[in-house]
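Trainee: I am new to this structure and should like to be guided through it. May we proceed by question and answer?

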Amino acid sequence: MNETLQPQQNQTEQPLTLHTLSSIRSLLINPSTPKRTVSSLLQTLTQSPRPTHHTLNLLSDLATHHSSFSQPALDSLIHSTDSPTRLAVDSLASISELSFPELDDERFVSLCFGPSIPGRIWMLRNAGCTFRVRPALLFTVLLGSTKDPYPYVRAASLEGLVGLSGHGEFCDVSMVKGCYLRALELFDDMDDCVRLSAVRVVASWGLLLSASNADMKAYWCNEVFAKLCSMARDMSVKVRVEAFSGLAKMEMVSKDFLLQSLSKRVLGNGKQRETMDQITSEQFAMLATSVAGALMHGLEDEFFEVRKSACQSLHRLTILSVEFAREALDLLMDMLNDDSVVVRLQALETMHHMALNGWLKLQEKHLHMFLGALVDNCREVRCAVRKILKVVRLGDLAMFKSSIDRLLKNLDSYLQDEADVFSAFSHLGRNHKKFVGYIVKETFEEVEAAFEGNDGFKSARIAALLIISISAPLFNEYLGIIPPVLFSYAVTLLGRIYLAFSDIMDKDTLLAYLCEKSRPSSDSVSDINHEDVEQQLSLIEGDTPNCDSNGVIDSKIGSQIMKEQKEVTCYQVEQHQSEYSEVTVYVNFILAKFPDMWQMIETGLTNEVLRSLRCLKEELTSLNIDSSESRDALAFTLLYLRIIKLLVEVWEHLLPAKGSCSHGLAELEFKLGKLDKRIKELMSKLVGFSAEEELNILELILVTYALRLWKVETICVNLTFKRLTSIYSCVESMLKERPVLPSNFVVELGKLLHKCQTASVNGASCSTLQFDKCLKLFSLKKFVFRGTIRQLKAELSISNNDSLHPFPFVSGLPVSVPCEITLHNIISKCKLWLKMSFDDGLVQYVFLDLDHLEGYGDVRSFAFVAPFYRTPKANSFRLKVCISLECLFESVCPVQRYGGPKYELVPLCKEKQVYFSNVNKD
Amino acid sequence: MAIETLVLGAGQEVGKSCVVVNINGKRIMFDCGMHMGYNDHRQFPDFSLISPSGDFNDALSCIIITHFHLDHVGALAYFTEVCGYGGPVYMTYPTKALSPLMLEDYRKVMVDRRGEEELFTSDHIAECMKKVIAVDLKQTVQVDEDLEIRAYYAGHVIGAAMFYVKVGDAEMVYTGDYNMTPDRHLGAAQIDRLRLDLLITESTYATTIRDSKYAREREFLKAIHKCVSSGGKVLIPTFALGRAQDQNSGKTIGTAREMNGLYYLDGIQFGNTSFFGSNSTNSELCILLEDYWERMNLKVPIYFSAGLTIQANMYYKMLIGWTSQKIKDTYSTHNAFDFKNVHKFERSMLDAPGPCVLFATPGMISGGFSLEVFKHWAPSENNLVTLPGYCLAGTVGHKLTSGKSTNIDIDPDTQIDVRCQIHQLAFSPHTDSKGIMDLVKFLSPKHVILVHGEKPKMDSLRERIHSELEIPCYNPANNETKCSSVDTPNSTLIDRNLTPELKVEDERVADGVLVMESNKKAKIVHRDEVLIMLDKKKQEV
């Protein structure tokens, strides 16, 4: 080996080739390499004319594997940190990996002040975590480097100081102060990145400084607040954002400073200053100009990042002073007019926190903005406003009334919000029983009229009014105000309204509660006298909006009315269970809407329906679900929703207005194809349907075929007709076994098919008009999710393969594809295929025989090696692999394939790409 | 060494901005505006003070124009074509595109309508524009060997810029007009922290501190929403967008002149609303409404009256890079100047039932279509009229804002019974005094000179800058020269942050080689790295 290295040493002008380097490495990591060789290798490496990161790596390998040579190797590494290039960074990284105890203070400092700029930055960034140095030394080095001529070095040292403030114990006040003041100086730095880090240092070390001396805490807090405020007008967006996140950390600030930050004018010597002591007053006079209007500027900023950050900082600052909270609220309300959704949401989030702390004092002047957000076109914004309405205390009746009006308007314009709006009503009622008492008379009249059918029956509105009335007495004893008949009316809407109370009781408890309250008490209340009400109300001392007050529930059901909303989160054990039942309820809520929508479609309101569907879909996809049962429920609902959406879209083509334009036909055909595919997916990928549900789905398939025959089919009429008949006979046989009446559509279709069969042989002669007649009879049935439905799913992974690391193959010979497969809910009667498709369209199927594979139960995992036979004559190729399920329910097969699946396939997982590369590449 | 500032216009006044600065031997003219309040020699800056001999080419290194308002660009064609300056003129791209339109517009009104003496011709404007070199924001332009200039975003109007000038080690900034608070369609001024010897800043609102614009927006939207949701009609009179189309522009009322919405009264500018200035307010309102409509799902139609073309919006659409951050961020999906809810108004819709919002000209309801609409809509208390912040005496707008009179005489025969609601609203594209202070504080120059403002207010601001920021500050009058001494040479090579206590010595601070390989991003490397990159050995001689 020495001989091979010899020529290298002689020609020191030539850099070491990669080949040589790799052989050196193999020698180095071999523990039995003789010392003499190692020594000459070390020499070679250190004398190498142009060190690269390869040689550095080798040096560190050498140091780790051969401890006797570690010192000279380290020396050599340290020597190369002098390199002005990026190599210095590499050598520093290598040194840090070795983490020698020999790296003493002196050496550490000399590395930190090395001539290489990237090296310095690297050291400052990593010194805290990779080197074990004393905090005092680190502090000195970092502070010293804040005067480096290079901006990035200064920024890195400041960042290091920020990190140090988190876990260092600094007892010496003057040391903390020195660091803080140094950062303040850098507020005037020319470079944005330095100012940014300086702001972070001032925020973090300012806190340390204020915490270091209890007497001076207020003084230093004000000081830090003012300094951070002065950076709110920096020209760099990032600096401004950082300044506001610094403000969000303040622990205490004098009220006058806070108020000054909301006003661009410097507040005068008037009464504001009476509260201040001498020191604060002098301090205020000095700093007022830099504080002036800082928060207002932040909220007015051009960049949404800054506005958001400013809103966020108010979150913390409003806790510090009630008066400030009140003034800041005026500005926050204006943020609801912002053009960025992110900012609007952040403003609402801040208000929500204020409400939780009881500092959200809504005033009449805020209502237009605040309640206006209830009809915002962004779902999250509406939701956030309702979230606040659920906890806020409203000051007077007028506000309470306009809140109700706006919530009802919200309900009118956005049907999909119903569940949450109802819940908001329920909370409003619980929190404002007194106001409910004031409006109960008119409510009663309206509800009464609606139930007697005198009025146009607006069910959502009535349900909402009922909810607010029945929720008022929930935690309160004085019930006389609410007429019992309202409770009986509420019983009739139980199914619709019980969700609004789901945070405190379930459906049955609510029913029991309603039943008990609907029994008329001794004094008849059927016609309420307003004066009586007021008399009763006058007995109520003040309003106790938060239901966590000691409201007495004087009924047997009281004990069953469970935990408060806040407590619910504690029941972590039940969480999965409750989440699941919540999901079931939600899913059924959605499923129940479809039949109604169908009626809307028949009256031509397709666009409205499509809009609601889109919203529902958005909501479903945004749900965050943990348990597998809930996932199954969601998968089902989502798929069903997609089918309905496609059906709605297809149906639109059949409406007279759209008729028969040719471009429409192509689209219709495309959509029908998609619909067909989706329904089959529903039928095969989900199991556990009851017979009735299965009938429903089969009916959908019949509809699809009938549509096809009626509108688009010209080529495959016979095949489609055959399929239609086969499905129909399937339906027929199922109907025979059960006492279910077939739908009008199925009956009419049966008649039609019978006619066709008696008249002639195939569907070609079938008049299209007759399908039209059947289809008109179709209507969507209600689907109820009972929790039995499971989703068939497969996961496929192929490890150690990507475009950079392909599997080897020899062209013409079969190649193996090692798959790791996990199956969920697959039963043995399923027929699974591994579908491998090649770029040019060639497909090869491999049957997965479930009886011969390992694993049992709902979740099965196993490894499977699939052969691929037709490897091409190419340097590399790519296969798309996918696990698919054969649709067995349909007995008509479209194409006869040899050796492959007989029926259509439904994919169970995402396609996986596998890369191969020829071994014999030239 | 000193920087010499000769103020030719806008010294202790607003109008004909023109400042000539002598910096390290280079003479630069900032802005070349005309005064709209005068008709005589005072209309233009006194150019003879630059060079008594009239040889401007030798006397000036270049001219820099900050934006296209006439009080900043109005005298340019005259100076280059009539006075004979032939050197380079620098301005931003939008300013170059819009200035000739402004000049031509002015010329037409003056000559064609009012028959005044022609100061420059259309050909002059065209020839003048040939001398203009357009620059981009933050692009450093080397005017000659020693002189470099750079433009920074100034807000104010589209294309407005502040200019940074560096000659040797002397540096300065001339702000032009700027705005430190953003609005919905233009951003706030944006500049780097520089080491300046001199800052020349506008001071239109030297003592005003403006409240949050949100309150104004909120009230405006609330009023409009209330009106349309109760079925009322909203009339928003605005200044003309098109060029010299409005019958009323150029009309003299008292001592004030209206020039496409640019109002001057006794030499003081009131509504900075000319052409694009006016469109500025227009676009601002329209974007505000459009946003609100979108968010609240409102379906009430918004109309532009027929005379009010959306032509100027076309410029905004093209110059999207010069608008506010939000518009820049979203324009790929939706151009904010494509107003979805805006339709054209037909006269026949005047008495049509149902709510609507209408933008109509002219701005102060002094006649024309907005007056016609006003006659129809004013008698109903359901309707709403919004008015600009300032209305000239004698216009209907003024009568509406000044008193509670319910009867307004349009002419001897007609009297309108005004029952509709009135809402007043103002947007200003200038920075307030807080903004000026903030900018001065951020830049911390060695000297400040105030221009473009009213003398008493400037005096008070000057005192504040002097006392609060401890920076010497001046507000010279027209034709005065101010010397600001620059004693301590400042080198850009060594950072000001370095204090003698701890100094990290590094000889190679300014060393670096810019390497541009084909198809690769340019990068700066250390000189020792160059050899490695090129794979060459070092040759010692």
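Mentor: The exchanges below concern a predicted model, beginning with chain A and then turning to chain B.

Trainee: How many helices and how many strands are there in chain A?

Mentor: Chain A has 922 residues, of which 38% count as buried. Among its contacts between residues at least 6 apart in sequence, 74% join residues at least 24 apart. The count for chain A is 40 helices and 11 strands.

Trainee: Which helix supplies the largest share of the largest nonpolar core?

Mentor: This core has 152 residues, and those touching the most other members include V202(A), F225(A) and L466(A). At least three of the core's residues come from each of domain 1 (51–133) and domain 2 (430–570) of chain A. The largest share, 10 residues, is supplied by residues 192–212 of chain A, that is, by helix α12.

Trainee: How many residues are in the other core that lies apart from it?

Mentor: The members of that other core include Y85(B), Y178(B), A188(B) and Y303(B). Apart from the largest core, then, lies one whose number of residues is 133.

Trainee: Which residues does L466(A) contact, leaving aside its neighbours within four places in sequence?

Mentor: L466(A) is among the residues that touch the most other members of the largest nonpolar core. With neighbours within four places in sequence left aside, its contacts are V447(A), L486(A), Y489(A), A490(A), L493(A) and I497(A).

Trainee: Which helix gives the most to the side of chain B that touches chain A?

Mentor: The contact takes 31 residues from chain A and 42 residues from chain B. By class, the side belonging to chain B has 17 charged, 15 nonpolar and 10 polar residues. In chain B, α6 (213–229), α7 (275–296), α9 (325–330), α12 (433–443) and α14 (527–534) each supply at least two residues of that side. The helix that gives the most, with 7 residues, is α6(B).

Trainee: Why do the buried residues of α13(B) line one face of the helix?

Mentor: Helix α13 of chain B, residues 455–468, reaches 20 Å from its first C-alpha to its last, close to the 20 Å expected. Its buried residues include M458(B), L461(B), R462(B) and I465(B), while P456(B), E463(B), S467(B) and E468(B) are exposed on the other side. Residues three or four places apart in an α-helix point the same way, because there are 3.6 residues a turn. Seen down the axis of α13(B), the buried residues line one face because they fall within an arc of 105°.

Trainee: What covers the buried residues of α13(B)?

Mentor: After α13(B) comes E470(B), whose phi is positive, near 55°. The cover over the buried residues of the helix includes, from chain B, α12, β24 (447–451) and β25 (473–474).

Trainee: Is S61(B) buried or exposed?

Mentor: S61(B) is found in the loop between α1 (56–59) and β4 (62–64) of chain B. Residues touching S61(B) include K26(B), G87(B), V143(B) and L147(B). A residue needs 20 or more other C-beta atoms within 10 Å to count as buried. S61(B) has 22 C-beta neighbours inside 10 Å, so S61(B) counts as buried.

Trainee: What separates the C-alpha atoms of L6(B) and N478(B) in space?

Mentor: L6(B) lies in strand β1 (residues 2–9) of chain B and is buried. Its contacts, leaving aside neighbours within four places in sequence, are V20(B), L49(B) and T481(B). Although L6(B) and N478(B) are 472 residues apart along the chain, their C-alpha atoms are separated by 8.2 Å.

Definitions and conventions
Residues numbered from 1 in each chain as written. Chains lettered and ligands numbered in written order. Predicted model: local features only at pLDDT ≥ 70, side-chain atom pairs only at ≥ 80, totals over all residues. Contact = placed C-beta atoms within 7 Å. Helix = DSSP H or I, 4+ residues; strand = E, 2+ residues; numbered from the N terminus. Nonpolar A, V, L, I, M, F, W, Y, C, P; charged D, E, K, R; others polar. Expected span 1.5 Å × (residues − 1). Buried ≥ 20, exposed ≤ 12 C-beta atoms within 10 Å, placed from the backbone. Arc of directions from axis to C-beta. Core = buried A, V, L, I, M, F, W, Y, C linked by C-beta atoms within 7 Å. Domains from an automatic or database assignment.
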